[in-house]
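Biologist: Could you walk me through this model, one question at a time? I would like to begin with the whole chain and then look at single residues.

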Amino acid sequence: MEISQHPSVDVVIPTYKRPKNRDQQNYMLRDALNSVLRQSYSVNEVFVVVDGRSEIARKIVADFHNDRIKIIESIEKKGGGSARNLGIRASKADFVAFLDDDDLWNENKIEKQLVALKNYSPNDLVFSFTQVKSEENDRYDLLPKSGPKKDWSFAEYIFLHKGYMTTSTIMSSRGLLAKNMFTEKLPKHQDWDWLFKADFYCHAKSVYVGEPLTIYRTQYVGRSMSVSQRNTWHYSHEWMLGYRKYLSREVIASFDRGNVINGLLDDHSMNKLKKIWILRRILSDFPDQERKSEWKEHIFPFIVAQLKGRFHDEK
């Protein structure tokens with residue numbers, strides 16, 4: 001496979017020190033680095049950026065004895081977005097690829113993405129993303145099944161057409177990163193936030209490589225403890241409302257169904273009447289037919305279950 005030019009590529013890997021009960025996950029960084037160093041297209045530099053401090057990450061990097069691998073420690077913990085930005089600022093390459101420390105790459109990922117981007121320069125507002133091989137209950141699922149169509153926004157692609165774009169698949173041009181860094185101190189949705197800004201603010205182009213070149217590892221103890229798995233429905237809803245003027249009611253409804261409503265119903269910090277009041281407010285953004293469906297599937301069953309519980313308690 002030939003590449004007409006020879007653009008430089010840096011890699012940014014954010015990491016952090018896990019607690020003692022999840023210590024073994026710290027060493028997944030070694031696997032991630034090996035998957036980068038095995039790339040058929042040699043990368044320029046690899047920035048391992050620690051959100052805070054980590055003696056383990058320093059030891060892992062030192063054990064490679066490879067001058068291309070640099071470690072940066074933020075000292076203060078500010079989240080994954082801030083860590084990625086430190087790596088972006090340190091990079092001088094034409095393109096920057098991102099890899100979470102618990103994910104892996106196929107050995108041809110960088111090469112195939114550069115081939116897909118061969119008609120673009122580092123100054124263009126463009127990025128590439130790949131299909132993901134995701135572990136699901138001892139089997140693998142390939143996501144997404146297809147790339148976005150030209151007239152779809154990234155939000156429509158993700159929430160209406162079963163699209164899948166995650167940070168470990170993304171390789172971005174220097175030009176796009178100059179205009180679109182990661183939002184710092186976001187507790188979750190860091191990848192979607194970057195994609196929304198790339199689309200709505202920068203009008204960036206995406207180039208999809210329909211091969212499973214990124215491996216998303218989920219089957220290990222502690223993945224469910226990640227921020228993306230916690231019940232932070234209130235944050236998710238407020239974050240989405242920040243992009244409300246760019247989103248259709250169908251996109252908002254899809255997002256709320258997947259990220260807000262079930263978390264709200266499971267929230268034990270508020271009483272039942274307040275939950276129902278908030279649900280009514282959330283559903284006001286839904287298209288009429290979907291609003292009726294949500295009342296039927298979620299709210300009425302919730303009310304009935306609560307009334308049954310109250311009657312049982314009173315007995």
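What follows is a set of questions and answers on the predicted model shown above.

Modeller: Happy to help, and first some ground rules: this is a predicted model, so local features need pLDDT of at least 70 and side-chain atom pairs count only at pLDDT 80 or more, while totals for chains, interfaces and linings use all residues. Residues are numbered from 1 along each chain as its sequence is written, and side-chain values use heavy atoms, with hydrogens and water left out.

Biologist: What pLDDT does the chain average?

Modeller: pLDDT is the predictor's confidence in each residue, from 0 to 100. In this chain, 91% of the residues score at least 70. The average pLDDT is 90.

Biologist: And over which residues does pLDDT stay under 50?

Modeller: Look for a stretch with zero contacts beyond four places in sequence, where contact means heavy atoms within 4.5 Å. That stretch, with pLDDT under 50, is residues 310–315.

Biologist: How many helices and strands are there, and what is the radius of gyration?

Modeller: Helices (H or I, at least four residues) and strands (E, at least two) are DSSP runs, numbered from the N terminus. The chain has 12 helices and nine strands. The globule rule (2.2 Å times the number of residues to the power 0.38, with the radius taken over C-alpha atoms) gives 20 Å for 315 residues, and the chain is close to that, so it is as compact as a globular protein of that length, with a radius of gyration of 21 Å.

Biologist: What share of the residues is buried?

Modeller: Buried means under 20% relative accessible area, exposed over 50%, and partly exposed in between (1.4 Å probe, protein chains only). Of the 315 residues in the chain, the buried ones make up 50%.

Biologist: Which residues of helix α7 are buried?

Modeller: Helix α7 covers residues 190–200, and 11 of its 11 residues are buried. Charged and aromatic side chains both appear in the list. The names are Q190, D191, W192, D193, W194, L195, F196, K197, A198, D199 and F200.

Biologist: Which residues does A155 touch, leaving out those up to four places away in sequence?

Modeller: A155 sits in helix α5 and is buried, with a relative accessible area of 0%. From G79, 76 residues away in sequence, A155 is 23 Å apart in space, C-alpha to C-alpha. The residues that A155 touches are L160, F196, F200, L247 and V251.

Biologist: Which residues is V260 in contact with, its neighbours within four places in sequence left aside?

Modeller: V260 belongs to the loop between α9 (249–259) and α10 (261–265). At 0% relative accessibility, V260 counts as buried. Its contacts are W233, S236, H237, F255 and I282.

Biologist: H237 is in that list, so to speak from the other side: which residues is H237 in contact with?

Modeller: H237 lies in helix α8, residues 233–241. This histidine is buried, with a relative accessible area of 5%. Leaving aside neighbours within four places in sequence, H237 is in contact with D256, V260 and I282.

Biologist: Which residues does a cis peptide bond join?

Modeller: One partner is a proline in the loop between β7 (139–143) and α5 (154–160). Omega is about -10 degrees for this bond. The cis peptide bond joins L143 and P144.

Biologist: What is phi of I75?

Modeller: I75 is placed in the loop between β3 (69–73) and α3 (80–90). Its phi is positive, in a residue other than glycine. The value is near 70 degrees.

Biologist: Is K162 buried or exposed?

Modeller: K162 is found in the loop between α5 and β8 (171–173). Although K162 is not a glycine, it has a positive phi of about 60 degrees. With a relative accessible area of 75%, K162 is exposed.

Biologist: Last one: which residues does E76 touch, not counting those up to four places away in sequence?

Modeller: E76 lies in the loop between β3 and α3 and is partly exposed, with a relative accessible area of 46%. The C-alpha atoms of E76 and R53, 23 residues apart along the chain, are separated by 8.0 Å. E76 touches D51 and G52.
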